[in-house]
Amino acid sequence: MDHREVSCIVLSLYLVLITACCVQQCVAPQSTRTKYTGELVVDASSGRPIPDTLFGLFFEEINHAGAGGLWAELVSNRGFEAGGPSTPSNIDPWSIIGDESLLLVSTDRSSCFDRNKVALRLEVLCDSEGPHTCPAGGVGVYNPGYWGMNIEKGKTYKVVLYVRSMGPIDLSVSFAGSKGLILATANIVSFDVSSWTKAEVLLEAEGTDPKARLQLTTTKNGVVWFDQVSAMPLDTYMGHGFRNDLSQMLADLKPRFLRFPEGDWLRNAVRWKETVGPWEERPGHFGDVWLYWTDDGLGYYEFLQLSEDLGAAPVWVFNNGMSLRDEVDPSMITPFIEEALDGIEFARGDPTSRWGSVRAAMGHPEPFDLKYVAIGNEECGKRNYRVNYLKFYYAIKKAYPDIKIISNCDGSNRPLNHPADFYDFHVYTSAKNLFSLANHFDRKARRGPKAFVSEYAVTGKDAGTGSLLAALGEAAFLLGLEKNSDLVEMASYAPLFVNVHDRRWNPDAIVFDSAYLYGTPSYWMQHFFAESSGAILHNATLRTTSSTSLIATAISWKSSDGNEYLRLKFVNFESSNANVKISVVGLGPNSIQSSGSFKTILTSGNVMDENSFTNPKKVTPSRMALGKADKDMDVSLPPHSITSLDLLKEWSVMRKEETDSFSSISSMVSYERDTKIINAASFTVEREDHTIGNIVRMQLHRDDNVLFAGYKLPHPLQYKIIVRIHTTSQSSPMQAYNQAINDLDKELDHLKSEFEGKNSDDVLYTSAELAKQPTTTSGRDY
């Protein structure tokens, strides 16, 4: 640390004379004229843990959520298989550059990949010279990706393709903008590609265009075959192939589980074994429910990897021998059971096992932490479901007794007729109905399997394409799940993503195209619950005068920097303000810090307001400091709003010394972001001690980095040591804080040893000596 870094660590000792009058001035006065809508009484002295897995994510391949979305592959139909196995076939969305007088394009079954036999054949009729000259830019094919490829200046993209020709080739691989401008290009020149050859090029973009396309062109006469053409940005989430911005939106929700692959495609017998291994060898499939093709680059392995990257527990929903229109007879279900067991071995098996070795070869020798599986999805009413389910259940429990098994059937209204660790609950309804379902689990049986609310959302006219009204109903429902988290252990919104060019379902949490994205109010609503999993739920009683459209919960949660907050969450479903009187009992005096608390509100001028590409932040949470925070206070909740109050609690650590002359009775810590200093943080530590002796001013200069100064007070008064750290250094502010506290403890121990045996009127430093102590060091202000 040199003089160019602004760093300040100051410790001051202050005389604390607290009177009843001072305390009264710190508490916001409660107006006698306020008409209260309700009173919230929170018992913070006790509570029960919320399951670590309560809130997570649901992924379904719908709305091009994965293909053309979360999976960063830019090429659509990269293996030319979307047109079916018979040839000639449709190669959509590939298109021709040139006309029939210059080249002929068709498909045949000459690929080197056994499960992907279709390849693209280009017969180039023109040449670089002679009577039939090719155009200057060449002829060939282009791929627009999924409604345009987002190519960004300065970024690098890896293009991989397989090529074959009977003669030498001279190919141009390029990204072209929507107006024809070449954004990046490279050449592939080879004199021997008589056998299928893998070629790779790196393209660094010299321009930006969200509607770009990939072009493969040549000016050389002859026949060229292409297969498995891929283009991916080098910069992906965690380096594992996921689109950065979409993945970060997921990470920001702090999900505790990821349920996949989910949904109706599961019913169409997508087999996990066809979605693992080298991407070139995956056959892909057509979803006849949502009517589009996917190359399955986003497969079973990638879902497990994404779960790990997000710090979320994977929840694998596997095929159970049933589809939308048919089901397997119990006498023939054994191969499906074996496939499920193989899938678990792929995730968890030793790298030397049959399927564990396949995972290891893909780059993950360590097992994935797969602990939850669901036997199918939404097939409870099928004729063979129970019989087949039991066969799956006992086979899995025998091989993997620790795995938690999820039944398709809803056990909230009547007991299940089969064993399960979880039952599945889905709900899609209006905002009002979902609000009323906040108490759905209040009186449900606590014995038996836990509840997994794997799909919930407000739909229909209340939802639009993602409205504030929908978010209000959903938030109220989640508050109910929080209260009932002794029964409900997992919950996830549905669906997660929608590519705006293929909207098959409304609403969705995250809307995107090739370059842009925004969260709907339902997405932002989930941020209010990002800290709930693993928190402590307190008993919170809300008494209202007349409103039945107000709901609240109280939790305690701890931030990454160690600060503890009491979070009070409210949903006001009414069209008018709700004035609530808050009383927190069970905490000691001064247990809520007057600064460092904050409130967050999600609301808008109209309940049907939505976000959009042109106004992506129209309905998003607003966070602000909460002045005069205390255990007893009033709060006014805006109409149609979600509100959270995060009250910063004092953090107590008992530290006893051998002598009363220098005993540390308690330590309290708070963390407060300093918005006035860029890349800076402010920490406050208060330590209250009872001491014996006269008032002596101490100024302790340990080294160039830390300077302590303060007052030692006579018995029986108190003193507070306040440490404030302001830093713009790149090191962690918590490291600076911890260092300051360690140094402080050492100095206190040193003073204690000096103080022991001294008379009360002895002084450690004279006023003259103190006057000579420096107030600045190395250009840093203290």
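## Strands β6 and β14 and their sheet

Strand β6, which covers residues 119–124, pairs with strand β14, residues 222–233, in the antiparallel sense, and the two are joined over five bridges. One residue of this pairing can be followed across to the other strand, since V124 has G222 in β14 as its bridge partner. The model in which these strands appear is a predicted one.

The two strands belong to an open sheet of five strands, in the order β5-β6-β14-β9-β12, with antiparallel pairing. The edges are taken by β5 (103–108) and β12 (197–204), and each of them has a single partner strand, so one side of each is left without a neighbour in the sheet. Neighbouring strands of this sheet are turned against each other by 30° on average, with direction ignored.

## The chain as a whole

The chain holds twelve helices and 41 strands. Of its 782 residues, 55% are buried, and the chain exposes about 33,600 Å², of which carbon and sulfur atoms supply 50%. If one takes the contacts between residues at least 6 apart in sequence, 74% of them join residues that are at least 24 apart.

## A sheet of nine strands and helix α9

Another part of the chain forms an open sheet of nine strands with mixed pairing, and its order reads β32-β31-β34-β29-β28-β27-β2-β30-β33. At the edges stand β32 (622–625) and β33 (632–637), each with a single partner strand, so one side of each has no neighbour in the sheet. From one strand to the next, the twist averages 20°.

Within this sheet, strand β31 (residues 598–602) and strand β34 (residues 641–648) pair in the antiparallel sense over five bridges, and T600 has S644 in β34 as its bridge partner. Helix α9, residues 468–483, packs on the sheet and touches β2 (38–49), β27 (536–544), β28 (550–558), β29 (564–572), β31 and β34. The direction of helix α9 makes about 60° with that of β28.

## Aromatic rings and charges

A search of the whole structure finds 34 aromatic pairs. One of them is formed by F260 and Y300, whose ring centres are 6.3 Å apart and whose planes stand at 45°, so the pair is tilted. Because F260 lies in strand β15 (residues 257–260) and Y300 in helix α4 (residues 300–310), the pair ties together parts that are 40 residues apart in sequence. Both F260 and Y300 are buried.

Aromatic rings also meet charged side chains in this model. The charged end of R213 sits over the ring of Y142, at 3.7 Å from the centre of that ring. In another part of the chain, R259 lies over the face of F452, and here the distance from the ring centre is 5.9 Å.

## Residue R383

R383 has its place in the loop between β19 (372–375) and α7 (385–399). This residue has a relative accessible area of 65%, and because a residue counts as exposed when that value is over 50%, R383 is described as exposed. Along the chain, R383 and D329 are 54 residues apart, while their C-alpha atoms are separated by 9.5 Å.

Key:
Residues numbered from 1 in each chain as written. Predicted model: local features only at pLDDT ≥ 70, side-chain atom pairs only at ≥ 80, totals over all residues. Heavy atoms only, no water. Phe/Tyr/Trp six-rings, centres within 6.5 Å; stacked < 30°, edge-to-face > 60°. Helix = DSSP H or I, 4+ residues; strand = E, 2+ residues; numbered from the N terminus. Buried < 20%, exposed > 50% of the residue type's maximum accessible area, 1.4 Å probe, protein only. Lys NZ or Arg CZ within 6 Å of the ring centre and 35° of its normal. Pairing = 2+ DSSP bridges. Axes fitted to C-alpha atoms, helices over the stretch in contact; angles between N-to-C directions. Contact = heavy atoms within 4.5 Å. Areas by Shrake-Rupley, 256 points an atom, 1.4 Å probe, with all protein chains shown as cover.
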